[in-house]
Amino acid sequence: MAKIKYIEFNGTEHEADVANGLSVMEGAIQNDIPGIDADCGGGMSCATCHVYINDDEWFRKLPEKEMGEDDMLDQAFEPKSNSRLSCQLIVSDDLDGLTVHMPEKQV
Amino acid sequence: MIKTDVVIIGAGPTGLFCAHQLGIIGLKCEIVDNLDKIGGQCIELYPDKPIYDIPAVPKCTGEELTNNLIKQIKPFNFNFHLSDRVQELKNENNKWLVKTLNGKEFETPNIVIAGGVGSFEPRKFPTKSTEKYHGKSVLYSIKDKTIFKDKSVVIFGGGDSALDWAIELSNSSKVTLVHRRDEFRGAPASVQKIKELSDNKTINLITKYSIKDVKGNGSLESVEIKSESGESKVIKADYVLGFFGLIMQLGPIAEWGLNLDKKTIPVNTENFETNKKGIFAIGDICTYPGKLKLILSGFHEGALAARGCFKYARPDEKYRFEFTTASSTIKDRLGVKE
């Protein structure tokens, strides 16, 4: 279990307890947190669950990007070097306290 | 005006199997899809990825599944209207009048929406200022490459479309290729070619930059790009091209008066009809208690929606349930000789 903080582009904060094994994307969808669309349902084929990890330390601590994630991020709305696809961030106790920021929009 | 029993919106697996079921029960249909090829998400998003949960098919790729479905409906000779999109629906005397973007018109008692998560559209630049140049000097696809001759063209993107067009247009235009990182996702040979063209100064390659703004006085004059650390550059541009892949958007479906639940359409599970008589929704785009976004669920939904269509297409006939193994009528429709 990890407490994940989701911050919308307009600054609205949401917190959710997300079970281990779920993705950060699923944590948002299951808790009706707006700002993450996840059109493809977690297949790493749409780039609409894009988030920023603004804290450098957290960004480095996250599991490394698999092949293909950066390719999808190329197609996201305003990708930056701290961008991740939240469907690829699998929750474990290690992610307790993670904060993700949502982009202005997903498309 | 084409008169038909059913217009199917979406040529993905669900739409294709629904067409099969319509053919089996003796109805005609016309299939419209925004993509230039048949197969929907299976062919656009994951043609090479194996699928493991098609009943009785332990493993097949999106492309194989699509090809088999096309083969399965071949006997019915249904028409496909590709690279087109259903734009407008109007109800007149219990018939739906359907208009497409390319100006085709259908008259039908039934519409089956098998539209997945919507139609595939090119992803656009995030910058608002590009909007007034859309379709003129800011483009997301190329129809006529001769317009770029001797012009300054700035291309954004790192995939095959961006690389291929940068290579192609570098013969006759002044090309700048801008990408947000150093790695490209295009084919290795194209990446190699781009590096050569950049080394010999045929193209201007700029990485770790993205679009900031476009400027012009009536016609486009330049594009401003920015790095993540805030540096910016202005590049002369007659044309700006963006190749960021495709995104699924609900599009005109949202304007037809259908009940919507987020991006999905609620249906009943008896025949998958929506709140509008004669409009059915199946596959990923429909929702009901217990809905699973699986291809196999889409097949089931298509089979039941087809029977729902029968009622409106043949109001004076009673639908008779038959098995393909036993019915000679069905075998005739399939053109099976025994």
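**Note on the predicted model: strand pairing, burial and chain contacts**

1. In chain B, Phe156(B) has Val178(B) of strand β14(B) standing opposite. This pair belongs to a predicted model, and it is a useful entry point to the sheet around strand β13(B). Five bridges join β13(B) to β14(B), which covers residues 174-179 of chain B, and the two strands run parallel. Between them the chain passes through helix α4 of chain B, residues 160-169, in a β-α-β crossover that is right-handed.

2. Strand β13(B) also pairs with strand β19 of chain B, residues 239-242, through four bridges in the parallel sense. Here Val154(B) is the residue that stands opposite Val240(B).

3. Why is strand β13(B) described as largely enclosed by the rest of the structure? The strand comprises residues 152-156 of chain B, and five of the five are buried, so the rest of the structure largely encloses it. The cover extends to both faces: Ser152(B), Val154(B) and Phe156(B) are buried on one side, and Val153(B) and Ile155(B) are buried on the other. Phe156(B), the partner of Val178(B), and Val154(B), the partner of Val240(B), thus appear on one side of β13(B).

4. A second strand of chain B, β10(B), spans residues 110-113. Asn110(B) and Val112(B) point one way from it, Ile111(B) and Ile113(B) point the other way, and all of them are buried. Its pairing with strand β2 of chain B, residues 6-9, is parallel and involves four bridges. Three bridges connect β10(B) with strand β22 of chain B, residues 279-281, again in a parallel arrangement. Val112(B) takes part in both pairings: Ile8(B) stands opposite it, and in β22(B) its bridge partner is Phe280(B).

5. At the level of the whole chain, chain B contains seven helices and 23 strands. The domain assignment gives domain 1 as residues 2-121 plus 247-334, and domain 2 as residues 124-244. Taken over C-alpha atoms, the centres of domain 1 and domain 2 of chain B are separated by 38 Å. The C-alpha trace of chain B spans about 70 × 45 × 40 Å along its principal axes.

6. Of the 338 residues in chain B, 40% are buried. Among contacts in chain B with a separation of 6 or more, 59% are between residues 24 or more positions apart. A separate example of sequence distance against spatial distance is Gln72(B) with Leu334(B): the two are 262 residues apart in sequence, and their C-alpha atoms are 9.1 Å apart. Gln72(B) lies in helix α3 of chain B, residues 62-73. Because 15 C-beta neighbours fall inside 10 Å, Gln72(B) counts as partly exposed.

7. Where in chain A is Met25(A) placed? Its place is in helix α1, residues 24-30 of chain A. Met25(A) is buried, since 25 other C-beta atoms are within 10 Å and 20 or more suffice for that class. Leaving aside residues up to four places away in sequence, Met25(A) touches Ile36(A), Ala38(A), Gly42(A), Cys49(A), Ser86(A) and Cys87(A). Met1(A) is 24 residues from Met25(A) along the chain, and 15 Å separates their C-alpha atoms.

8. Regarding the two chains together, 14 residues of chain A are in contact with 17 residues of chain B. The side of chain A that touches chain B has six charged, four polar and four nonpolar residues.

How values were computed:
Residues numbered from 1 in each chain as written. Chains lettered and ligands numbered in written order. Predicted model: local features only at pLDDT ≥ 70, side-chain atom pairs only at ≥ 80, totals over all residues. Buried ≥ 20, exposed ≤ 12 C-beta atoms within 10 Å, placed from the backbone. Contact = placed C-beta atoms within 7 Å. Domains from an automatic or database assignment. Pairing = 2+ DSSP bridges. Right-handed = clockwise from strand over helix to strand, strands pointing away. Nonpolar A, V, L, I, M, F, W, Y, C, P; charged D, E, K, R; others polar.
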